[in-house]
Amino acid sequence: MASYSFNTLDPATEARVAELLGQMTLTEKIGQLNQISPLVFTPPDPSQGVDARPTFSMRQDLDDEIRAGRIGSIFNTREASFVNRCQRLAVEGSRLGIPLLVGGDVIHGFRTIFPIPLALAATWDPDLVERTARAAAEEASATGVDWIFAPMVDIARDPRWGRIAEGAGEDVYLGCVMAAAQVRGFQSQGLASGRAVAACPKHFVAYGAAEAGRDYNTVDISERALREIYLPPFKAAFDAGAGSTMSAFNEIAGVPASANPLTLTTILREEWAWPGLVVSDYESVRELIPHGFAADLKDAGRLALSAGVDMDMMGMAYLNHLADLVAEGALPLAAIDEAVRRVLRLKFRLGLFEQPYVDESVAAQVTLTEGQRALALEAAQASLVLLKNQGSLLPLKPGAQRLAVIGPLAESRHDLLGCWSLFGEEGDVESVMDGLRAYLGDTAPAPIAGCPLRGDGDFEAEAAVAAAEAADIVVLVVGEGQDLSGEAHCRTQLGLPGRQQALVDAVAATGKPLVVVLLTGRPLVIPELAEQATALLLAWHGGIRTGRAIADALFGAIAPAGRLTASWPRHQGQIPLYYAHKNTGRPARGAGTGQFVEFFRSAYLDAPNTPLFPFGYGLTYTQFAYRDLALDATTLGPADTLTARVTISNIGERAGVEIVQLYVRDLVGSVTRPVRELKGFARVALEPGESRRVTLTVPVADLAYVGADLQRRVEPGGFELWLGPDALSGLETDFNVMA
Ligand code: GLC
């Protein structure tokens with residue numbers, strides 16, 4: 001599947017840009033740098049209760065502003081007819097007829113909603129992830145969206161941060177793989193609309209490092225960490241051809257990301273020579289004022305544009321003040337020209353001048369088709385992570401056992417859409433009960449909510465307990481509502497919300513086997529639930545086919561094969577918790593239990609250091625054995641490629657997919673190195689009894705890291721290597737890299 005690439009300059013385009021730029025007045029240039037949502041957003045009215053939804057109303061001045069050339073881009077529209085109307089105002093109503101860029105938050109699907117990105121990453125299947133991005137681009141581009149504000153590539157190591165839901169989790173290597181896959185998918189060629197879409201990896205940069213996991217909070221990290229952890233997924237996205245990026249809300253070591261010369265100019269333009277378009281996040285230019293970085297909106301406009309933000313999303317700083325700044329000599333016209341050049345460059349590369357209008361008949365042909373729905377099911381199935389299966393309770397035989405279905409999420413559809421589903425409809429969603437009914441028909445039990453999804457409302461433990469007593473097996477459907485993760489949805493308490501744990505306690509007291517289906521937008525802190533569950537299936541907010549996927553797994557039509565891409569803590573006090581941590585000078589030797597302090601070791605008094613479930617972890621309905629790990633060579637030079645081989649056997653009774661992971665540890669470095677780093681993985685499907693010799697390769701160049709001098713280098717020395725099923729286990733060997 002070919003994709004567009006917007007990461008280089010095309011001479012013919014540059015000539016067209018220069019010719020048009022030469023015709024533009026300063027007002028028209030500034031208009032191109034202004035991005036507006038046609039919809040005025042009104043937050044939900046709290047007096048309407050927890051289910052109140054925000055409202056959106058159409059701006060009244062939109063038409064005049066477009067005709068006057070004061071708007072270069074609109075975003076978050078949903079109808080092709082509306083986009084065509086706005087495009088006509090721009091193309092036929094303005095002096096130079098420059099078409100609009102039409103953006104959209106298509107984070108995990110447009111109308112066909114796929115699992116949240118943290119769940120998609122748990123598939124460890126970049127090809128599948130690319131196909132979901134292409135499917136999203138098919139639907140979005142048919143409505144006139146030619147600029148998708150995704151993938152979100154922020155590395156996140158703090159599950160208190162609600163936006164951990166939107167990215168690929170804690171790991172740099174996997175984050176790079178998933179970033180590139182999504183860019184390729186979004187920027188696919190051959191879409192039914194005949195149009196092209198630009199991806200927009202975000203939020204540039206280090207947004208996931210917000211202190212205390214609180215959204216928009218301070219980020220104060222070393223430039224070395226910035227370059228080693230937070231920048232690589234953006235570089236992977238740009239190398240995959242991404243045509244734009246979005247500057248973040250947060251500051252980085254005192255300088256806001258939306259006015260940061262180091263990241264926006266030195267790294268992006270001088271070191272990486274990337275020619276794409278930088279759009280600010282929503283009013284993040286205006287927010288330089290509350291940051292205490294700009295004195296007023298005019299100052300904010302000057303600082304942001306000078307640093308390298310080309311387009312101002314909703315902030316009005318550019319529209320209102322750039323002309324004065326140029327007139328006062330506070331901003332060179334050349335800086336504005338360069339920003340406008342990047343906007344025009346993308347518009348030309350997207351073909352908007354040749355094809356500004358979208359064929360309004362296409363959307364109905366490509367939206368929510370059987371193929372899209374089948375892909376949504378495939379993705380929901382592949383994102384399931386089986387965290388526990390005591391006594392191989394799962395899979396169940398349909399009808400063989402009396403089931404009770406309990407929990408506040410058993411019938412929910414809206415919550416399964418996840419935190420970023422602007423254009424999704426809950427009527428498209430299969431709830432958990434819909435999935436169970438597909439197997440059990442009328443024999444499916446009537447679900448009992450047991451308690452509300454949040455808060456202290458009606459607690460129906462008696463009815464739940466009675467249902468459990470009358471059943472052979474209890475299916476508990478618990479977790480987070482979709483409104484507890486995503487932007488500005490951070491939590492200090494990461495257990496089950498409301499009275500759900502009390503409900504679980506009451507049902508668990510019956511002693512019946514518990515199949516827990518956990519729906520969530522983030523890692524949760526669930527040590528009691530994990531203990532009480534007989535089987536624990538993590539289904540995330542898995543999109544429109546979540547319910548069917550869960551039923552397929554519970555009744556064995558498919559075997560869960562997902563693996564975690566963010567660590568699940570035992571206690572919130574462990575956060576931030578991630579596998580690629582440093583060894584320290586006093587590493588904990590054991591688990592570090594509460595009764596005694598390991599002799600002055602980096603351990604807690606009251607908990608082990610290890611997670612409840614580690615990065616890379618996930619079970620399936622069979623077991624795998626690893627043997628005969630070997631390296632083709634144990635001494636390698638800088639230009640060599642490491643080749644590791646291991647035999648994996650399916651020693652169970654069912655077919656299954658193992659995701660074998662390759663980790664290394666650089667034992668001695670000029671800066672300290674993590675105890676493990678993922679450097680490769682492979683999906684291996686094996687029939688029962690089947691064995692396979694699996695080979696994974698890692699160019700020695702990929703062992704490079706950022707030194708104290710901020711240069712990437714591979715340093716000679718000893719390495720350990722693991723091949724295994726997660727970040728805490730595997731067969732181990734070692735090798736040396738020579739100078
Ligand atoms: C939001 C988000 C960003 C989104 C943008 C446009 O505040 O931070 O991810 O793309 O605004 O909706």
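Is R269 buried or exposed? Select R269 to begin: at 14% relative accessibility, this residue counts as buried (buried is under 20% relative accessible area, exposed over 50%, partly exposed in between, with a 1.4 Å probe and protein chains only).

Before moving on, note that this is a predicted model, where local features need pLDDT of at least 70 and side-chain atom pairs count only at pLDDT 80 or more, while totals for chains, interfaces and linings use all residues. Residues are numbered from 1 along each chain as its sequence is written, and side-chain values use heavy atoms, leaving out hydrogens and water.

Now add D310, which forms a salt bridge with R269, with the closest N and O atoms 3.1 Å apart (a salt bridge is a side-chain nitrogen of Lys or Arg within 4 Å of a carboxyl oxygen of Asp or Glu). The two are 41 residues apart, R269 in helix α10 and D310 in the loop between α11 and β13 (helices are DSSP runs of H or I, at least four residues; strands are runs of E, at least two; both are numbered from the N terminus). D310 is buried too, at 2%.

Extend the selection to E338, R341 and R342, which are linked with R269 and D310 in a network of salt bridges. E338 is partly exposed, whereas its salt-bridge partner R342 is buried.

For the next stop, go to helix α20 and pick D552 and R548, four residues apart. Their side chains meet in a salt bridge of 2.8 Å, N to O.

Finish at strand β14, residues 385–389, where five of five residues are buried.
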